[in-house]
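Open the model in your viewer and keep the sequence panel alongside. We will go from stop to stop, selecting a few residues at a time and looking at what is there.

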Amino acid sequence: MSTEAADLIEALPVPALLIGRDERLTALNGLARQLLGDRAVGWHYVSALRQPQLVGAIEEVFHTGERRVPRYRIRQGERDIEYDVHCALTPSGMVVASFLDAGLEEQVSQIRRDFVANVSHELRTPLTALLGFIETLRGPAREDAKARDRFLGVMETEANRMVRLVGDLLSLSRVESEERLRPRDRIDLAGLCRSCLNGLAPLAEDAQVTLVPDLPEGAVMVPGDSDQLRQVLTNLLENAIKYGGEAGRVVLRLTGPTEDPGLRGPAVRLVVEDSGPGIDPLHIPRLTERFYRVDSHRSRQMGGTGLGLAIVKHIVSRHRGRLRIESEPGKGSRFSVTLPA
């Protein structure tokens with residue numbers, strides 16, 4: 001076997017091995033040696049691999065030249081790990097086998113299942129309420145005008161909640177599909193901040209919350225998607241208004257551009273800060289997960305879908321920025337977004 005072939009196997013980012021025409025293990029990279037041991041080189045592949053499904057697949061590759069992808073299970077520590085082993089014949093008549101962790105695919109499948117389960121749970125509650133009220137309006141409350149008006153009001157609330165959920169799901173899907181496309185338009189971020197503050201002034205007034213702008217007088221130009229950055233500002237400001245407590249203050253601060261070592265260039269910083277009850281540090285690492293809520297009951301009462309911060313995270317990622325969350329119980333919360341300038 002050539003040194004070049006061994007070097008190529010060693011460079012692969014997954015466990016991989018070569019089986020020579022004599023059906024013995026000719027080379028293993030470092031990751032494969034961790035699976036099979038250093039002494040496996042030179043062994044017949046049947047003795048080294050042993051599991052019938054993998055051994056049979058390699059035998060077929062030698063005889064037919066067709067690729068095979070058997071499953072290989074091995075115990076590491078206290079857990080079993082499964083690999084999909086991609087076996088292929090090289091032009092020189094050797095078989096190369098590369099081990100891909102099947103658990104990664106299972107994790108993706110589990111994420112999909114969890115997502116479907118969460119969406120189903122979020123929709124089941126308002127749908128159950130709507131069906132119950134419809135049944136009541138057709139029966140006992142058919143002639144009760146007061147009850148009818150009250151039920152219709154609740155039905156409207158639940159229907160609007162479903163509309164918000166579907167809207168946020170569509171937004172999340174759209175943002176994720178565009179996450180690798182870096183925005184190229186130049187927008188005035190300071191002007192966008194002023195526009196968002198004006199738009200949310202009625203909500204703040206109803207909640208008895210004071211909005212405090214701390215913005216530069218002139219324009220602050222950054223590369224960005226205006227609609228998506230408006231969504232970031234709206235989500236962060238709405239959360240601060242809704243959960244910041246009555247008679248509180250919400251500060252929107254914009255600074256920069258200044259040199260940012262983390263982004264390796266000039267950057268601006270947006271900060272939304274409230275004077276509310278704060279968040280237990282235990283929850284902070286999970287706040288941007290889909291459907292994660294610190295207080296599920298209160299969030300639903302406020303009309304939250306549990307997707308707002310997940311959307312913010314993906315938008316900030318698309319803009320090649322950073323999102324930071326700081327909070328302590330009783331000391332309010334601070335959401336900082338750093339964006340390249």
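## First stop: the early helices

Select G30, which is found in helix α2. Helices here are DSSP runs of H or I with at least four residues, strands are runs of E with at least two, and both are numbered from the N terminus. The model is a predicted one, in which local features need pLDDT of at least 70 and side-chain atom pairs count only at pLDDT 80 or more, while totals for chains, interfaces and linings use all residues. Residues are numbered from 1 along each chain as its sequence is written, and side-chain values use heavy atoms, with hydrogens and water left out.

G30 counts as partly exposed because its relative accessibility is 23%. On this scale, buried means under 20% relative accessible area, exposed means over 50%, and partly exposed is in between, with a 1.4 Å probe and protein chains only. Now add I9: it is 21 residues from G30 in sequence, and their C-alpha atoms are 9.1 Å apart.

Next, move to H44, in the loop between α2 (30-36) and α3 (45-49). H44 is partly exposed, because its relative accessibility is 24%. Which residues does H44 touch, not counting those up to four places away in sequence? They are E23, R24 and L25, where contact means heavy atoms within 4.5 Å. For a long view, draw a distance from H44 to A240: these residues are 196 apart in sequence, and 65 Å lies between their C-alpha atoms.

## Second stop: helices α6 and α7

Select residues 145-177 to see helix α6, with 33 residues. From its first C-alpha to its last it reaches 48 Å, close to the 48 Å expected at 1.5 Å a residue. The expected span is 1.5 Å times one less than the number of residues. Colour the buried residues of α6, among them F151, M155, R161, M162, L165, D168 and L172. As you look along the helix, remember that an α-helix has 3.6 residues a turn, so residues three or four places apart point the same way.

Now go to α7, residues 189-206. Its 18 residues should span 26 Å at 1.5 Å a residue, and the end C-alpha atoms are 26 Å apart, which agrees. Begin at the N-terminal end, where D188 is the cap: one of its side-chain oxygens lies 3.2 Å from the backbone nitrogen of A190. Such a polar contact is a pair of N or O atoms within 3.5 Å; within protein, one must be able to donate a hydrogen and the other to accept it, and residues adjacent in sequence count only if both atoms are side-chain atoms.

Further along α7, stop at L200, where there is a kink of about 45 degrees shortly before the proline P202. The bend at a residue is the angle between axes fitted to the seven residues ending there and the seven starting there. L200 is also one of the buried residues of α7, as are L189, C193, C196 and A204. Just past the helix, select Q208, in the loop between α7 and β7 (210-214). Its phi is near 60 degrees, a positive value in a residue other than glycine.

## Third stop: a cis bond and a buried serine

Select G256 and P257: a cis peptide bond joins them, with omega about 5 degrees. P257 sits in strand β9 (residues 249-260).

Then choose S327 in strand β11 (residues 322-327). S327 counts as buried because its relative accessibility is 11%. Where do polar atoms of its side chain have partners? One lies 2.7 Å from the backbone nitrogen of I279, and the backbone oxygen of G332 lies 2.9 Å from a polar atom of the side chain. Leaving aside neighbours within four places in sequence, the contacts of S327 also include G278, P281, I284 and S333.

## Last stop: helix α10

Select α10, where nine of the eleven residues are buried. Among them are L309, I311, V312, H314 and R318. To see what covers the buried residues, show the surroundings, which include α6, α8 (226-243), β11 and β12 (333-340). Finish at R320, in the loop between α10 and β11. R320 has a positive phi of about 60 degrees although it is not a glycine, and its relative accessible area of 31% makes it partly exposed.
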